[in-house]
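Biologist: Got a minute to walk me through this model? I'd like to go residue by residue.

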Amino acid sequence: MESMGKKKPQPRRSFTSEFKAEIVELCQRGDRSVGQVAKDFDLTETAVREWLRQAERDAGTGDGGLTTSEKDELAQLRRENRRLREDVEILKRATASFASMP
């Protein structure tokens with residue numbers, strides 16, 4: 001009965017940009033379908049299709065989504081924004097602390 005429970009999720013794999021580019025190139029050649037390439041390399045078809053869409057965006061022919069460099073810049077700006085908000089909170093607390101001193 002214990003074995004009929006939930007499956008343990010597999011650890012999330014990560015792939016280099018070079019590997020993704022090779023997979024995209026294989027799919028764009030047209031020799032094999034996206035599904036066949038995914039199966040051959042033990043990947044999910046969804047991941048391969050997303051890599052294809054991202055490659056199209058990066059080439060300027062995609063669906064209008066963010067390019068890889070835009071995604072990287074957005075992530076960096078969000079980190080910086082979070083850090084600055086934390087700095088402002090610290091300064092607010094320090095100001096309140098100094099204001100309460102006699």
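Modeller: Sure. Helices (H or I, at least four residues) and strands (E, at least two) are DSSP runs, numbered from the N terminus. With that, Asp42 is found in the loop between helix H2 (34-40) and H3.

Biologist: Can I trust the side chains?

Modeller: This is a predicted model, so local features need pLDDT of at least 70 and side-chain atom pairs count only at pLDDT 80 or more, while totals for chains, interfaces and linings use all residues. Residues are numbered from 1 along each chain as its sequence is written, and side-chain values use heavy atoms, with hydrogens and water left out.

Biologist: OK, back to Asp42: buried or exposed?

Modeller: Asp42 is exposed, at 57% relative accessible area. The classes are buried under 20%, exposed over 50% and partly exposed in between (1.4 Å probe, protein chains only).

Biologist: And what's its phi?

Modeller: Near 55°, which is positive in a residue other than glycine.

Biologist: Switching topic, where does Thr67 lie?

Modeller: In the loop between helix H3 (45-58) and helix H4 (68-99). Thr67 is buried, with 17% relative accessible area.

Biologist: What does Thr67 touch?

Modeller: Leaving out residues up to four places away in sequence, Thr67 touches Gln54, Arg57 and Asp58. Contact there means heavy atoms within 4.5 Å.

Biologist: Which side chain makes a polar contact with that of Thr67?

Modeller: That of Ser69, at 3.2 Å. A polar contact is a pair of N or O atoms within 3.5 Å; within protein, one must be able to donate a hydrogen and the other to accept it, and residues adjacent in sequence count only if both atoms are side-chain atoms.
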